[in-house]
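Biologist: I would like to know what stands behind the labels used for this model. Please take them one at a time.

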Amino acid sequence: MSEKNVSRVTVLGLGAMGTALAEAFLAGGHATTVWNRTPGKDEALVAKGALRAETVAEAIAASPLVVVCLLDDASVREVLEPVADALSGRAVVNLTNGTPAQARAMAVWAAEQGVDYVDGGIMAIPPGIGTPHAFLLYSGSSVTFEAHREVLELLGAAHFLGDDAGLAALYDLALLSGMYGLFAGVWQAVALVRSENVRATEFMAFLKPWLSAMFEGNLDRLATQVDSGDYMTGVVSNLAMQAAAFPNFITVAEEQGVRPDLMLPIKDLLDRAVAEGHGAGDATVAIELLKN
Ligand code: FVH
C-alpha cells in the first residue's frame, strides 16, 4: 500500500469484536491506535503494530476516524461524553449494539459537539470480520461514510442505508431477531430429540436440509405477501391447519419433559389469527398481528 493510502484509525473498545476490528485495520496496512478501559487487552495487537493509547483523549487525538465498539449505549456515553471537545471535527463510527432511538440520540449529541457521526451494525461474529461472510450496515452522515468507506470495507461488505442514523440499528436488531427466532426453534428441536437420547450431530442431518428448504422456498414469497398485503393468493398450508397442529408441539414438549415456553407465544399468535378470521390465509399474516 502506498503511503498516500494509509489511513489513521482509532478503535475504542478491545473486547472480542473491537479486537477483530483493529486486527482487520492493521491487516489492511492502516495506522491503528487502540484503547480499552481495562489495560492489557491490547498486547497482541501492539505486537502486530497497533499503537497503544493510554487515555481515550489520546486515542481520539491519534486519528481522524474513531471506531467505537463497546458493550452498549451506556458505555459509549460513559466513554465519549467526557471527551466531547477532543472529538470535535472527527468522524465517529459507532458499531456498538443499540436501538434506533439510541442511535438517533447519539447522532443529535454528536452534531452538537461538531462530530461527524455514522452508526453501524455488525453482521458477523469476531472470526468472520474481514472475510467474505461479514457484512456491516451503516447509516447517518453519508459524507462521513463515503470519506471512510475504503477503510470500513476492510471489516466486511459495507451497506449504507441512509442519512437516518437509526436505520442501521433497526436493520441490525431485526436481523438479530430473525437469528434468535431461528435459534429458539433449533434449541427446542434439539431438546426434543435429546429427550430420547438422539445424538444432536445425527439429528442435524435432518434439521439442516429441512430449515434450508423452508427458508429457500418461503422467504421471498413471504416478502411479496407482506409488501402486497395479499395473504390469500396461492395458499398451500393455511393458517387454521397450522394452528390446529400447534397444540401437539406443546403436548410433545410436556410429555418429553421439555419446557414448552419458547413455543407458547407462537401458539397464542396463531390462535389469535384464527380468532380474527385469518384461518384460510397464509400463516405470514401473523406479521400483521404483531403490530401494536
Ligand atoms: N461478539 C459478537 O459476536 C457480536 C457480533 C455483533 C456485534 N456485537 C456487538 O459488538 C459490541 C462489542 O461486543 P464484544 O464481542 O466486543 O463484547 P465484549 O467482548 O464483551 O467486550 C465489551 C467491550 O466493552 C467495554 N466496556 C464495557 N463497559 C464499558 C464501560 N462502562 N466503559 C468502557 N468500556 C466498557 C469492555 O471493556 P473492558 O471490560 O475490557 O474494560 C470491552 O472492551 C457489543 O455491542 C455487541 O453487542 C458483538
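Modeller: This is a predicted model. One place to start is a polar contact between the side chains of Gln225 and Thr284, at 2.9 Å.

Biologist: What makes the pair Gln225 and Thr284 a polar contact?

Modeller: The cut-off for a pair of N or O atoms is 3.5 Å. The side chains of Gln225 and Thr284 come to 2.9 Å, so the pair is within the limit.

Biologist: Which other residues does Gln225 touch, not counting those up to four places away in sequence?

Modeller: Besides Thr284, Gln225 touches Asp230, Tyr231 and Asp282. Gln225 itself is found in helix H9, residues 200-228.

Biologist: Why is Gln225 called buried?

Modeller: Its relative accessibility is 6%. Buried means under 20%, so Gln225 counts as buried.

Biologist: Why is strand S7 described as largely enclosed by the rest of the structure?

Modeller: S7 covers residues 135-140, and five of its six residues are buried, so the description follows.

Biologist: How do you know that S7 pairs with strand S6?

Modeller: Pairing requires at least two bridges. Six bridges join S6 (residues 116-123) to S7, and the two strands run antiparallel. Val118 stands opposite Gly140 in S7.

Biologist: What makes S7 and S8 a pair, and in which sense do they run?

Modeller: Four bridges link S7 to S8 (residues 157-160), against a minimum of two, and the sense is parallel. Here Phe135 stands opposite Ala157 in S8. From S7 the chain passes through helix H7 (residues 142-152) to S8, a right-handed β-α-β crossover.

Technical notes
Residues are numbered from 1 along each chain as its sequence is written. This is a predicted model: local features need pLDDT of at least 70, side-chain atom pairs count only at pLDDT 80 or more; totals for chains, interfaces and linings use all residues. Side-chain values use heavy atoms; hydrogens and water are left out. Buried means under 20% relative accessible area, exposed over 50%, partly exposed in between (1.4 Å probe, protein chains only). A polar contact is a pair of N or O atoms within 3.5 Å; within protein, one must be able to donate a hydrogen and the other to accept it, and residues adjacent in sequence count only if both atoms are side-chain atoms. Contact means heavy atoms within 4.5 Å. A crossover is right-handed if, with the strands pointing away from the viewer, the path from the first strand over the helix to the second runs clockwise.
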